[in-house]
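Thanks for coming. Please look at the model on the screen while I talk through a few places in it.

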Amino acid sequence: MTNNDILRRIRYSFDFSDSAMMKVFAAADQKVTQEQVTAWLKKDDDPRYVSLPDPMMATFLNGLINEKRGKRDGAQPAPEQKLTNNIILNKLKIALNLKAEDLLEYLELANFSLGKHELSAFFRKVGHKHYRECKDQVMRNFLQGLQIKLRGEVDATENNEEPESE
């Protein structure tokens with residue numbers, strides 16, 4: 001999954017407007033324009049699509065943590081220069097104050113079964129003998145479960161297009 005895919009899914013799950021997205025970035029001391037947000041949310045085949053770099057995605061996730069949990073005292077964490085699904089999953093876990101059982105519940109909502117030990121392997125340090133890379137399938141199913149939990153629905157299409165209003 002690309003950072004743009006993840007950003008679109010998070011935006012849809014939380015029903016964030018463009019201004020709310022800008023506010024999340026601002027919570028991590030990053031000013032972005034509405035044009036930037038709009039370009040990041042475009043479909044990959046749109047000529048105005050702009051790829052969201054890892055440091056900006058990390059900044060967004062740090063802002064989401066600050067929005068949901070409050071800013072911590074002292075210096076804010078520097079955004080990671082290289083993101084993995086493991087880091088993204090961990091930041092979402094922190095932002096939403098989720099426990100392992102909650103994560104497993106979200107995966108179950110998306111009809112994806114994972115054991116507690118398999119899940120804990122995603123949060124280990126790289127190089128640990130039980131570390132496991134979080135694959136796109138797990139990330140996609142977690143985000144779908146999150147969406148079902150927050151909105152009570154599944155995407156209108158697999159491409160994560162927002163359902164047309166009637």
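Asn97 sits in the loop between helix 5 and helix 6. Keep in mind that this is a predicted model. The phi of Asn97 is positive, about 55°, although Asn97 is not a glycine. Along the chain, Asn97 follows helix 5. Is Asn97 buried, exposed or partly exposed? Its relative accessibility is 47%, so Asn97 counts as partly exposed, because that class runs between 20% and 50%.

There is another residue to put beside Asn97. Asn111 is also not a glycine, and its phi is positive at about 60°. You will find Asn111 in the loop between helix 6 and helix 7, which covers 116-121. Asn111 has a relative accessibility of 74%, so it counts as exposed.

Now back to the helix before Asn97. Which residues of helix 5 are buried? They are Asn85, Asn86, Ile88, Leu89, Lys91, Leu92 and Ala95. Some of these positions are three or four places apart, for example Ile88, Leu92 and Ala95. In an α-helix there are 3.6 residues a turn, so residues three or four places apart point the same way. As for what covers the buried residues of helix 5, the cover includes helix 1, helix 4, helix 6 and helix 8.

Take one residue from that list. Ala95 belongs to helix 5. Its relative accessible area is 3%, so Ala95 is buried, the cut-off being under 20%. What does Ala95 touch, if we do not count residues up to four places away in sequence? The answer is Leu64, Ile65, Lys68 and Arg69. Ala95 and Asn66 are 29 residues apart along the chain, and their C-alpha atoms are separated by 7.5 Å.

Next, the helix after that loop. Leu107 lies in helix 6. With a relative accessible area of 2%, Leu107 is buried. Leaving aside neighbours within four places in sequence, the contacts of Leu107 are Phe112, Leu114, Val138, Asn141 and Phe142. How far is Leu107 from Thr59 in space? From C-alpha to C-alpha the distance is 25 Å, with the two positions 48 residues apart in sequence.

One more loop before I turn to the whole chain. His130 has its place in the loop between helix 7 and helix 8. At 46% relative accessibility, His130 is partly exposed. Not counting residues up to four places away in sequence, His130 touches Ala121 and Arg124. His130 and Glu105 are 25 residues apart in sequence, and their C-alpha atoms are 22 Å apart in space.

On to the core. The largest nonpolar core has 42 residues. Those with the most contacts inside this core are Ile10, Phe60, Phe142 and Leu143. Which elements give two or more residues to the core? They are helix 1 (3-14), helix 2 (18-27), helix 3 (34-41), helix 4 (54-69), helix 5 (85-95), helix 6 (100-109) and helix 8 (136-151). Helix 4 supplies the largest share, seven residues. Ile10 serves as an example: apart from neighbours within four places in sequence, its contacts are Met57, Phe60, Leu61, Leu64, Leu92 and Leu143. Phe60 and Leu143 are among the contacts of Ile10, and both are also listed with the most contacts inside the core.

Last, the chain as a whole. How many helices and strands does the protein chain have? It has eight helices and zero strands. The radius of gyration is 16 Å, close to the 15 Å that the globule rule gives for 166 residues, so the chain is as compact as a globular protein of that length. The C-alpha trace spans about 45 × 45 × 25 Å along its principal axes.

Of the 166 residues, 42% are buried. Among contacts with a separation of 6 or more, 67% are between residues 24 or more positions apart. The contacts of Ala95 with Leu64 and Ile65 are two you have already heard about.

The protein chain exposes about 9,400 Å², and 47% of that is supplied by carbon and sulfur atoms. As for charge, the chain has 25 positive and 26 negative side chains. The centres of those two sets lie 8 Å apart.

Definitions and conventions: Residues are numbered from 1 along each chain as its sequence is written. This is a predicted model: local features need pLDDT of at least 70, side-chain atom pairs count only at pLDDT 80 or more; totals for chains, interfaces and linings use all residues. Side-chain values use heavy atoms; hydrogens and water are left out. The radius of gyration is taken over C-alpha atoms; the globule rule is 2.2 Å times the number of residues to the power 0.38. Buried means under 20% relative accessible area, exposed over 50%, partly exposed in between (1.4 Å probe, protein chains only). Contact means heavy atoms within 4.5 Å. Accessible areas come from the Shrake-Rupley method with a 1.4 Å probe; for residues, only the protein chains shown count as cover. Lys and Arg count as positive and Asp and Glu as negative; His and the chain ends are not counted. The place of a charge is taken as NZ of Lys, CZ of Arg, CG of Asp or CD of Glu. A nonpolar core is a set of buried Ala, Val, Leu, Ile, Met, Phe, Trp, Tyr and Cys residues joined through side-chain atoms within 4.5 Å.
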